[in-house]
Amino acid sequence: MVILDGGLATHLEALGADLRDELWSAKLLLENPAVIRQAHLDYFAAGAEVATTASYQASIPAFVRRGLSPGEAEDLILLSVHLAVEARDAHGSGTVAASVGPYGAYLANGAEYTGDYDLDEDGLTDWHRERWHILAGSEADLLACETIPSYTEARALKRLLAETPEMRAWVSFSCRDGERINDGTPLKEAAALFAGDPQVIAVGVNCTAPRHILSLIGQIKGKPAMVYPNSGELWDAASHSWLGLADPMEFGQAAAEWNAAGSAFVGGCCRTTPEHIRQIRAHLTGQPTG
């Protein structure tokens, strides 16, 4: 059993960062990299065994769109890994997973929640390729292909895995319900793409409501299951507040159920915090953090 970290952007905002930008947490690679390192350290202190880098939205095209050169963009992507490595080394142990966010994150139009893309498999492979090879050649221990909403995008990432046979990865889908990823493909079918791939250490779901997790775990065959859902809160526009499962202790209790149901990797995504990870650690292992 491996405990993942929680929402990086959520904790960065708690540390005072303003992420109202299409680059999201990646803008801090430009403006305040030290706070990213601190966020990783806080998750390690809470009991996480993995630091997921701030490269989710840090693509070459996104930085070039901001006015940087391709070389400057590459340096920032590598910086995202280096900050996590520094935090891991300061903590004394852990794994660094380089985040490979979906094409939809670059579009910044919500497409990562639908998988409604304007590129086919070849186009998606080409779009991901440069960042993929940068991260595969970095200090990261593995690649975290996460919040993948599209079966076509999963096929593109599988092609890129074959281009970097020395690199391990996990693949995590975003799901609309207890059976299907966001483009409507059954998770069972999407997960089967990677069932026989020796480079893939786990297949799972993230950026998904906790109420769907137990059902989704049952759809994953052939690889260890991984889950790191959102906090379960829903945004209520009328009250301008988040509603729903937010209590870290309840999240920790739910995490114990997910682990018992077969998930070998457990953590959190949007709106989860170091306290959520601390509660996961407490409920899964009983071990103190510090």
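A disulfide here is a pair of cysteine sulfur atoms within 2.5 Å. Keep that cut-off in mind for the first stop, and remember throughout that you are looking at a predicted model.

**Stop 1: the cysteines**

Search the whole structure for disulfides and you come back with zero. Select Cys-175 to see one case: the nearest cysteine sulfur belongs to Cys-207 and is 10 Å away, so with a cut-off of 2.5 Å Cys-175 is in no disulfide. Now jump to Cys-270. Its nearest cysteine sulfur is that of Cys-207, 4.0 Å away, and Cys-270 is in no disulfide either. Switch on the surface while you are here. Cys-175 has a relative accessible area of 7%, so it counts as buried, whereas Cys-270, at 22%, is partly exposed.

**Stop 2: a positive phi in a loop**

Stay in this part of the chain and pick Arg-271, in the loop between β10 and α12. Arg-271 is not a glycine, yet its phi is positive, about 70 degrees. Its relative accessible area is 31%, so Arg-271 is partly exposed.

**Stop 3: helix α12**

Next, select residues 274–285, which form helix α12. This helix has 12 residues and reaches 16 Å from its first C-alpha to its last, close to the 16 Å expected at 1.5 Å a residue. Which of its residues are buried? Colour Pro-274, His-276, Ile-277, Gln-279, Ile-280, Arg-281 and Leu-284 to see them. To find what covers these buried residues, show β1 (2–3), α1 (8–14), α3 (33–46), α11 (248–260) and β10 (263–266), which are among the covering elements. Just after α12 sits Gly-286, with a positive phi of about 70 degrees.

**Stop 4: helix α3 and its partner**

One of those covering elements, α3, deserves its own selection. It has 14 residues, which should span 20 Å at 1.5 Å a residue; the end C-alpha atoms are 21 Å apart, so the two values agree. Inside α3, the buried residues are Val-35, Ile-36, Ala-39, His-40, Tyr-43, Phe-44 and Ala-46. They pack against α1, α2 (28–31), β2 (50–52), α5 (70–91), β3 (95–100) and α12. Follow the chain past the end of α3 and you meet Gly-47, whose phi is positive, near 120 degrees.

Now show α3 and α12 together. Their axes are 8 Å apart and the helices pack at an angle of about 25 degrees, so α3 counts as roughly parallel to α12. For the contact itself, display Asp-42, Tyr-43 and Ala-46 on α3, with Pro-274, Ile-277, Arg-278 and Arg-281 on α12. The crossing is right-handed.

**Stop 5: another helix pair**

Move on to α7 (residues 121–136) and α8 (residues 151–163). The axes of these two come within 9 Å and cross at roughly 45 degrees, which makes α7 oblique to α8. This crossing is right-handed. Turn on side chains to see who meets whom: the α7 side includes Leu-124, His-128 and Trp-132, and the α8 side includes Ala-156, Leu-157 and Leu-160.

**Last stop: Ala-108**

Finish in the loop between α6 (103–107) and α7, where Ala-108 sits. What is the sign of its phi? The value is positive, near 55 degrees, in a residue other than glycine. With a relative accessible area of 42%, Ala-108 is partly exposed.

Methods:
Residues numbered from 1 in each chain as written. Predicted model: local features only at pLDDT ≥ 70, side-chain atom pairs only at ≥ 80, totals over all residues. Heavy atoms only, no water. Helix = DSSP H or I, 4+ residues; strand = E, 2+ residues; numbered from the N terminus. Expected span 1.5 Å × (residues − 1). Buried < 20%, exposed > 50% of the residue type's maximum accessible area, 1.4 Å probe, protein only. Contact = heavy atoms within 4.5 Å. Axes fitted to C-alpha atoms, helices over the stretch in contact; angles between N-to-C directions. Parallel < 35°, antiparallel > 145°, perpendicular 65-115°, else oblique. Left-handed = near helix turned anticlockwise from the far one by under 90°.
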